[in-house]
Amino acid sequence: MVILLILLGIVLCGLAAGLVMRPRARAAQDAFADGVQALAARTGWRPDHAPLPPLQSTFVTINDVLGSSNHHGIAVNLQLAGNWRGVPVRVLQLRYRTEYVSTTRAATMVLVPRPVPGPSLTVRPGDAAAHLPPEVAQRITTQTLFFTSEHLAAVFPGEMTQQDLTTATADLLADLSGARR
């Protein structure tokens, strides 16, 4: 009888916690949807379902940059595409888990085509001055840049709803793409 009461208490606590957490989760989802709609209205980017390059094999250091590991994977839960200053751009909302944290984290990746093939390179914010011209390096805040044979990309922590950071990153990649044509 005592075990039955304990189990009933656990179930009731779980239900109560679920009822308390549901409005918060719904509010967070609504805020994210509103932020994405605002970003789309500001930039003209639209939802896209085009195939993506395999992230972990194309951007080989992405797991290290995000603090993730191969066995947890990186999921793209939203993709916007369009043009930004004459350059085709794709913005990806990434979800991933780190090695030691059981919660899901978010990052944003902005991709543009690389105008001229070249070697692969990852440039972290602290190394930007050694690899990029000063006028470009000073614009790197939290973004890590990836140069692959086909893409210029940048990833930064947080959701794509950080409109100013997302558009500044798109500006940076458009400038890099235009400067290398």
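Here are four short exercises with worked solutions on the structure shown above.

This is a predicted model, in which local features need pLDDT of at least 70, side-chain atom pairs count only at pLDDT 80 or more, and totals for chains, interfaces and linings use all residues. Residues are numbered from 1 along each chain as its sequence is written, and side-chain values use heavy atoms, with hydrogens and water left out.

**Exercise 1. Get an overview of the chain.**

Task: find which order the elements of the chain follow from the N terminus on.

Step 1. Begin with the inventory: six helices and seven strands. Helices (H or I, at least four residues) and strands (E, at least two) are DSSP runs, numbered from the N terminus.

Step 2. Read them off from the N terminus, and the order is α-β-α-α-β-β-β-β-α-α-β-β-α.

Step 3. Turn to burial. Of the 181 residues, 37% count as buried; buried means under 20% relative accessible area, exposed over 50%, and partly exposed in between, with a 1.4 Å probe and protein chains only.

**Exercise 2. Explore the largest nonpolar core.**

Task: work out which element gives the largest share of this core.

Step 1. Recall what a nonpolar core is: a set of buried Ala, Val, Leu, Ile, Met, Phe, Trp, Tyr and Cys residues joined through side-chain atoms within 4.5 Å. In soluble globular proteins, nonpolar side chains tend to be buried together.

Step 2. Find the central members. The largest core has 29 residues, and those touching the most other members are Trp45, Leu132, Leu145, Leu173 and Leu176.

Step 3. See where the members come from. Among the elements that supply at least two residues each are helix H1 (2–43), strand E2 (74–84), strand E3 (87–97) and helix H6 (163–179). The largest share, six residues, comes from H6.

Step 4. Look beyond this core: another one, of 14 residues, lies apart from it and includes Leu55, Ile74, Tyr96 and Leu111.

**Exercise 3. Follow leucine 39.**

Task: decide whether leucine 39 is buried or exposed, and list what leucine 39 touches.

Step 1. Locate leucine 39 in helix H1.

Step 2. Check its cover: leucine 39 counts as buried because its relative accessible area is 0%.

Step 3. List its contacts (heavy atoms within 4.5 Å). Not counting residues up to four places away in sequence, leucine 39 touches Gly44, Trp45, Leu80, Met160, Gln163, Thr166 and Thr167.

Step 4. Take one partner across the chain. Threonine 167 is 128 residues from leucine 39 along the chain, yet their C-alpha atoms are separated by 8.8 Å.

**Exercise 4. Walk across strands E2, E3 and E4.**

Task: establish how many bridges join E3 to E4.

Step 1. Start with the rule that two strands pair if DSSP finds at least two bridges between them.

Step 2. Take E2 and E3, which pair in the antiparallel sense over 10 bridges. Here valine 76 stands opposite leucine 94 in E3.

Step 3. Look at the turn of this hairpin: two residues lie between E2 and E3, and arginine 85 in the turn has a positive phi of about 55 degrees.

Step 4. Move on to E4. Eight bridges join E3 to E4, and these strands run antiparallel. Leucine 92 has methionine 109 in E4 as its bridge partner.

Step 5. Finish with E3 itself, which is mostly covered, with eight of its 11 residues buried.
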